[in-house]
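Hi everyone, thanks for coming along. Today I'd like to walk you through one protein model, so please have it open on your screen while I talk.

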Amino acid sequence: MNEVLKAYDLEGRPISCTRYGSGHINETWLVVTSRPHLYILQKINSFVFPDTEGLMQNVIRVTRHLREKEPDPRRALQLVPCRDGRLYVRLGDETWRIYEFITGSVCLDQAETMEDFRQSGYAFGHFQEQLADFPAEELVEVIPGFHDTPRRYQALRRAVEEDKAGRAASCREEIAFYLEREQSAGVLTDMLRKGELPLRVTLNDTKLNNVMLDEETHEALCVIDLDTVMPGLAANDFGDSIRYGASTAAEDEKDLDKVRLSMPLYEAFTGGFLAACGGSLTPRELATLPEGARLMTLECGARFLTDYLQGDVYFRVARPEHNLDRTRTQMKLVREMEDHWQEMHRIIRG
Ligand code: ADP
Ligand code: GN1
Ligand code: MG
């Protein structure tokens, strides 16, 4: 760690460096200096992101673009340059970087109020709007095919055929649920291919805990965690927020009666998102937002089921049926969306 800090000319002398935050991917540290000045130091998880070089190029380009539009230091992430001018440090096979700490902010794992969720919608919408003039196709696809739903379906079919963990016979109903909906898996990717939807800069991890809020007012300040920034569809970023944040229960809830799509939460998020970016999305994109929510939920459930069939090799599990429980909550949410389809569209139309 000292060796990393030595590469930087920080404001003041570092006096402490402690583990920070509740992120699951990177190692995050808070550095306090004698000035005093606060920094966020991170070691990038090179197992999840083998192409750290490509990842950092994306982060550098996107933060630069956002910073040019946003003079307020609390409203855009800022990488701190090393003594040699580079924006990250390589130490053997490790990659480290430092961000300016966003002062007077909080980061929530769960929304405390409906308004917190609306604010996260605002932050992700603002991110979309500010990057509407960025050449998305120039970004590196750090996880290739991440939201290529038909490709995720191919992986599910392969997992069923191989049945590596000998579990396929016990989840016929779940497999049937997904296969019944396979025809719709390519709706958005087909529209993209035909040029009916624009390629956008997407975050691909639009959870509440990737937004910093003002600690007093809980007003959205900025989006963080840009590691999964890639070219993608606006509907997918919208959709993944709804999948995760508009559910009335946890992603791994066993009691499916508790799992509902909360229409008030859906409406709150949509209100924030559209207030921030509605004007920069095309009418076709706006109309595909509910499909983004349905497809992200379908895709995520298919990924959980694939992992269950393969013997839990990707998602961290705490119990043998964990991935199957997650699959089932996603199925319930898809059904809920199908049942509320017209209302989901009506809320988008305003
Ligand atoms: P992970 O990929 O592990 O989720 P994040 O980049 O989201 O990593 O960072 C983890 C946590 O560190 C965040 O949830 C937030 O609490 C804190 N954090 C990250 N960047 C900043 C920043 N620039 N200012 C203040 N806190 C930050
Ligand atoms: C993973 O790391 P986390 O929990 O933010 C996954 C997402 C899934 C999510 C489901 C890189 O995200 O795609 O939607 O789990 N991230 C990756 O909980 O695969
Ligand atoms: Mg995070």
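I'll go through empty spaces, then a pair of helices, then some single residues. Please keep in mind that this is a predicted model.

Let's start with the empty spaces. Rolling a probe the size of a water molecule over the atoms shows where empty space is left. How many cavities of 30 Å³ or more are there? The count comes to 3. The largest cavity has a volume of about 60 Å³. If you want to find it on your screen, its lining is made of His147, Thr149, Ala185, Leu188, Thr189, Leu233, Asn236, Leu295 and Met296. Helices H6 and H10 are the elements that each give two or more residues to that lining. Sorted by class, the lining of this cavity has 5 nonpolar residues, 4 polar ones and no charged ones.

Now for a pocket. The second largest pocket has a volume of about 280 Å³. Its lining counts 16 residues, and those nearest its centre are Glu141, His147, Asp148, Pro231 and Gly232. Two elements give two or more residues to this lining: helix H6, residues 187-193, and strand S10, residues 230-232. Which of the elements gives the most? That is S10, with 3 residues. By class, the lining of this pocket splits into 7 nonpolar, 7 polar and 2 charged residues. You may have noticed a familiar name: His147 lines the largest cavity, and His147 is also among the residues nearest the centre of the second largest pocket.

Next, the pair of helices. Two packed helices are described by the angle between their axes and the distance between the axes. Our pair is H10, residues 289-310, and H12, residues 341-349, which pack at an angle of about 135 degrees with their axes 9 Å apart. Are they parallel or oblique? Angles over 145 degrees would count as roughly antiparallel and 65 to 115 as roughly perpendicular, so H10 and H12 are oblique to each other. On the H10 side, the contact is made by Leu289, Pro290, Glu291, Ala293 and Arg294, and on the H12 side by Trp341, Met344, His345 and Ile348. Taken by class, these contact residues are 6 nonpolar, 1 polar and 2 charged.

Let's move on to single residues, beginning with glutamine 128. You'll find this glutamine in helix H3. Is it buried or exposed? Glutamine 128 has a relative accessible area of 2%, and buried means under 20%, so this residue is buried. Leaving aside neighbours within four places in sequence, glutamine 128 is in contact with Arg200, Val201, Thr202, Ala234, Asp237, Cys277 and Leu281. Here is a nice reminder about folding up a chain on paper: glutamine 128 and glycine 278 are 150 residues apart in sequence, yet their C-alpha atoms are 9.5 Å apart in space.

Now look at alanine 132, in the loop between helix H3 and helix H4. Its relative accessibility is 34%, so alanine 132 counts as partly exposed. Beyond its neighbours within four places in sequence, alanine 132 is in contact with Arg200 and Ser280. Arg200 should ring a bell, since glutamine 128 is in contact with Arg200 too. As for distance, alanine 132 and phenylalanine 177 are 45 residues apart in sequence and 36 Å apart in space, C-alpha to C-alpha.

Lysine 258 sits in a loop as well, the one between helix H7 and helix H8. At 47% relative accessibility, lysine 258 counts as partly exposed. Not counting residues up to four places away in sequence, lysine 258 touches Thr248, Ala249 and Glu253.

Last, a few details of the backbone. The peptide bond from arginine 35 to proline 36 is cis, with omega near 0 degrees. Proline 36 lies in the loop between strands S2 and S3. Then there is asparagine 204, which has a positive phi of about 65 degrees although it is not a glycine. This asparagine is in the loop between strands S7 and S8, and with 10% relative accessibility it counts as buried. Aspartate 225 has a positive phi too, of about 60 degrees, and is not a glycine either. Aspartate 225 is found in the loop between strand S9 and S10, and at 26% relative accessibility it counts as partly exposed.

That's my tour, so over to you for questions!

Note on methods. Residues numbered from 1 in each chain as written. Chains lettered and ligands numbered in written order. Predicted model: local features only at pLDDT ≥ 70, side-chain atom pairs only at ≥ 80, totals over all residues. Heavy atoms only, no water. 1 Å grid on protein atoms, 1.4 Å probe; cavity = no way out; pocket = protein on both sides within 12 Å on 5 of 7 lines; lining within 4 Å. Points joined across faces, edges and corners; volume = space filled by probe spheres on them. Helix = DSSP H or I, 4+ residues; strand = E, 2+ residues; numbered from the N terminus. Nonpolar A, V, L, I, M, F, W, Y, C, P; charged D, E, K, R; others polar. Axes fitted to C-alpha atoms, helices over the stretch in contact; angles between N-to-C directions. Parallel < 35°, antiparallel > 145°, perpendicular 65-115°, else oblique. Contact = heavy atoms within 4.5 Å. Buried < 20%, exposed > 50% of the residue type's maximum accessible area, 1.4 Å probe, protein only.
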